[in-house]
Amino acid sequence: KSNLKGLLASFRRCFHELTDVDVEVLCCGLQHQFLSPKATLFEQGSVHDSCYIVGVGQIEITSTDCHGHPMATLSREISAGGYLGELGVLGTDGLRTNGARASGHRGVDLCVITRE
């Protein structure tokens, strides 16, 4: 829980209107996840069931074609304060259209919001 408060504090600019009580309530619904450098967060084609907020580090979004070859023109990165996987908590059933993994050499701290 203290890790989550630290993560939320690290991007307070996104939550500048929240009171300390609001942050406490928000932390009750979040989980913390650390990804080692280059570790996969999720694969393209996996079931989406969670949303992620990047606290520290960067996530690389990847896409492959129908033969499994990387599509470099669709790659992008999400940094601190950014989010991904929001369809996973909006109740839509389906598969992820992209993959995601930690980029850089430091790893990534994430806040995780699950559908439940």
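In the next few minutes I will go through the fold, the sheet, the core and the largest pocket of this chain.

Let me say at the outset that what we have here is a predicted model, so please take everything that follows as computed from that prediction.

I will begin with the overall layout. The chain contains 2 helices and 8 strands, and if you read along the sequence you meet them in the pattern α-α-β-β-β-β-β-β-β-β. Of its 116 residues, 34% count as buried.

Now to the sheet. If you look at the strands together, you will find an open sheet of 4 strands, in the order β2-β7-β4-β5, where the pairing is antiparallel. At the edges stand β2, residues 40–42, and β5, residues 76–78, and because each has a single partner strand, one side of each is left without a neighbour in the sheet. From one strand to the next, the twist averages 30°. To look at one of these pairings in detail, β2 and β7, the latter spanning residues 99–103, pair in the antiparallel sense over 2 bridges, and Phe 42 is found opposite Ala 100 of β7.

From the sheet I turn to the core. The largest nonpolar core is made up of 14 residues, and those with the most contacts inside it are Leu 41, Ile 59, Leu 84 and Leu 110. At least two residues of this core are supplied by each of β2, β3 (50–56), β4 (58–62), β7 and β8 (108–114), with the largest share, 3 residues, coming from β8.

One residue of β3 deserves a separate word, and that is Ser 50. Is Ser 50 buried or exposed? Its relative accessibility is 6%, and since the cut-off for buried is under 20%, Ser 50 counts as buried. It is also a good place to see how the chain comes back on itself in space, for Ser 50 and Arg 115 are 65 residues apart in sequence, while their C-alpha atoms are 5.9 Å apart.

Finally, the largest pocket, which has a volume of about 280 Å³. Which of the residues that line this pocket are the closest to its centre? Of the 14 lining residues, they are Gly 85, Leu 87, Arg 96, Thr 97 and Asn 98. Sorted by class, the lining consists of 6 nonpolar, 5 polar and 3 charged residues.

Definitions and conventions
Residues are numbered from 1 along each chain as its sequence is written. This is a predicted model: local features need pLDDT of at least 70, side-chain atom pairs count only at pLDDT 80 or more; totals for chains, interfaces and linings use all residues. Side-chain values use heavy atoms; hydrogens and water are left out. On a 1 Å grid over the protein atoms alone, a cavity is a set of points where a 1.4 Å probe fits but cannot get out, and a pocket is an open set with protein on both sides within 12 Å along at least five of seven lines; lining residues have an atom within 4 Å of a point. Grid points are joined across faces, edges and corners, and a volume is the space filled by probe spheres set on the points. Ala, Val, Leu, Ile, Met, Phe, Trp, Tyr, Cys and Pro count as nonpolar, Asp, Glu, Lys and Arg as charged, and the others, Gly among them, as polar. Two strands pair if DSSP finds at least two bridges between them. Axes are lines fitted to C-alpha atoms, for helices over the stretch in contact, and angles run from 0 to 180 degrees between N-to-C directions. A nonpolar core is a set of buried Ala, Val, Leu, Ile, Met, Phe, Trp, Tyr and Cys residues joined through side-chain atoms within 4.5 Å. Buried means under 20% relative accessible area, exposed over 50%, partly exposed in between (1.4 Å probe, protein chains only).
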